[in-house]
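User: I'm new to this one, and I'd rather get to know one part properly than skim the whole thing. Could you pick a spot, take a close look, and then show me how other parts fit around the story?

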Amino acid sequence: MAKKFNPTNAADRFAKLGDEAKKAKNKADRTEMIPISSIIMNEDNVFSANDTDEEIQSLAENIKENGLIHNITVAETSPDQYLLISGERRTKAMKYLGRDTIKANIKSGLSEFEILKLLFFANSETREYSTEEKIHIINDFKEKIKRFSINDKASVSAFNSYVSEAFNIHPRQASKLISISSELSEGLKELLFSDIIDINTAAAFAQLPEDYQDYAADLIAAGNQKDTKGSVQKALDFTKLSKNVISKSNNSLSKNKASYAYYSKRLESTREKIPPLTIMLSQEGTDEEAIFKQINDLNEDIRKYEKILKELDEEKEKMLQLQGKDIDKIFKEFSKSRKKSQPKPDDTELISKEVQKLEASVKKLMGLAPSKELEKISSLIEKYRISQDKN
């Protein structure tokens with residue numbers, strides 16, 4: 001199944017991010033001209049990963065002509081040393097121009113986590129990002145915050161709200177991006193990044209286990225290239241039916257899961273009762289017969305719980321196998337319908353193939369015995385190709 005992102009832990013880490021980042025962003029401790037040589041580039045900055053030399057040079061020319069419009073933002077880490085928060089491209093452009101100093105909003109007393117929050121919030125607002133870039137940025141940022149332990153409680157909506165605000169998108173769209181970043185298969189991500197499917201479609205596919213996402217990708221890949229919308233719709237129809245099957249299975253699987261959790265706890269608590277009884281056997285004046293009976297009874301309970309858990313595992317496996325068979329059947333039906341509806345080559349395709357054969361023959365004859373007649377034919381073929389390109 002697709003790897004799941006734990007939204008509860010993420011929400012903890014993102015608690016109050018939006019408000020705090022906004023306040024910090026709008027409040028510069030002081031503004032000064034600082035030496036560029038005293039600025040340390042931030043290794044956590046995932047926003048500048050794709051910046052090119054050409055972009056930096058272009059920005060440098062703009063700054064040369066119009067001046068530095070927006071100050072950079074830095075965190076003072078020690079006297080006369082600063083960690084860059086926002087403005088890496090501007091800093092590089094000023095360095096490219098040979099400038100020694102740059103105007104900066106300087107913040108003091110920030111923790112490492114506060115700097116990371118500011119880094120994400122400030123940089124995500126500075127320019128437009130493609131869907132692919134947003135997905136990569138969300139993933140990278142989630143990885144970076146794993147090194148922090150945040151105890152503040154927050155809801156999942158707080159995390160969605162933060163991403164929504166950071167990228168200036170609707171909360172629903174933010175929720176879909178988060179789901180896609182964590183749960184969509186790599187094959188379907190490629191289709192999303194290639195604009196073959198949109199975010200709404202990708203989010204629908206992300207709700208399927210990864211194996212079934214691959215089925216959806218196969219239906220799209222095997223479809224008619226001239227009718228990608230039709231192929232995508234088939235994959236969505238497959239997804240809808242598959243989700244119905246999964247939904248029905250989940251009712252039984254949820255009961256199985258609850259029973260498994262209950263008997264696992266019973267097993268664990270029963271096992272914990274045996275060591276104290278074993279210690280008692282070594283103590284004087286202990287009724288050994290009674291204790292041995294208790295231990296035997298507990299061991300009997302342990303065997304009983306282990307048997308139940310094994311049966312629950314087997315039951316779960318059977319349910320998943322049945323679910324898989326039902327979805328395999330749906331996939332095969334969709335694959336058959338695709339083959340039946342595969343259009344035959346139209347007249348234009350047939351003519352195009354014949355023209356290709358004719359062109360190859362003319363080129364071969366021109367190499368053996370050039371003539372005006374062959375040149376005319378070659379010219380007509382070229383005119384035909386031009387007319388087809390226009391159509």
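Analyst: Let's start with Glu 300, which is partly exposed, with a relative accessible area of 46%. Keep in mind that this is a predicted model. The partner of Glu 300 is Arg 303, and their side chains meet in a salt bridge with 3.0 Å from N to O. Arg 303 is partly exposed too, at 49% relative accessible area. Both residues sit in helix H13, and because they are 3 residues apart there, about one helical turn separates them.

Helix H13, which covers residues 288-341, holds another such pair: Asp 297 and Lys 293 are 4 residues apart in the helix, so again about one helical turn lies between them. They form a salt bridge as well, and the closest N and O atoms are 3.1 Å apart. Asp 297 has a relative accessibility of 39%, which makes it partly exposed.

How many salt bridges are there in the model? The count comes to 7.

One of them takes us away from the helix: Arg 30 pairs with Glu 76, with 3.0 Å between the closest N and O atoms. Arg 30 is in strand E1 (residues 30-35) and Glu 76 is in strand E3, so this salt bridge ties together parts that lie 46 residues apart in sequence. Both ends are partly exposed: Arg 30 has 26% relative accessibility, and Glu 76 has a relative accessible area of 24%. Glu 32 joins in as well, since salt bridges with shared partners link Arg 30, Glu 32 and Glu 76 into one network.

Now follow Glu 76 into the strands. Glu 76 stands opposite Tyr 82, a residue of strand E4. That fits the wider pattern, in which E3 (residues 72-78) and E4 pair in the antiparallel sense over 5 bridges. The two strands make a hairpin with 2 residues between them, and Asp 80 in that turn has a positive phi of about 65°.

Tyr 82 has a bridge partner in another strand, too: Ile 39. Ile 39 belongs to strand E2 (residues 39-40), which runs parallel to E4 and is joined to it by 2 bridges. As for cover, strand E4 (residues 81-86) is mostly tucked away, with 5 of its 6 residues buried.

What about the nonpolar side? In soluble globular proteins, nonpolar side chains tend to be buried together. Here, the largest nonpolar core has 43 residues, and Phe 167, Ile 180, Ile 197, Phe 205 and Phe 238 have the most contacts inside it. Phe 238 is worth clicking on: leaving aside its neighbours within four places in sequence, its contacts include Leu 208, Tyr 212, Leu 219, Ile 327, Ile 330, Phe 331 and Phe 334. There is also a second, separate core of 16 residues, with Ile 34, Ala 60, Leu 84 and Ala 104 among them.

One last stop is helix H6 (residues 131-144). Its 14 residues reach 20 Å from the first C-alpha to the last, close to the 20 Å expected at 1.5 Å a residue. Its buried residues are a mixed group that includes Ile 135, Ile 138 and Phe 141, along with Lys 134, Lys 142 and Lys 144.

Key:
Residues are numbered from 1 along each chain as its sequence is written. This is a predicted model: local features need pLDDT of at least 70, side-chain atom pairs count only at pLDDT 80 or more; totals for chains, interfaces and linings use all residues. Side-chain values use heavy atoms; hydrogens and water are left out. The expected span of a helix is 1.5 Å times one less than its number of residues. Buried means under 20% relative accessible area, exposed over 50%, partly exposed in between (1.4 Å probe, protein chains only). Two strands pair if DSSP finds at least two bridges between them. A salt bridge is a side-chain nitrogen of Lys or Arg within 4 Å of a carboxyl oxygen of Asp or Glu. A nonpolar core is a set of buried Ala, Val, Leu, Ile, Met, Phe, Trp, Tyr and Cys residues joined through side-chain atoms within 4.5 Å. Contact means heavy atoms within 4.5 Å.
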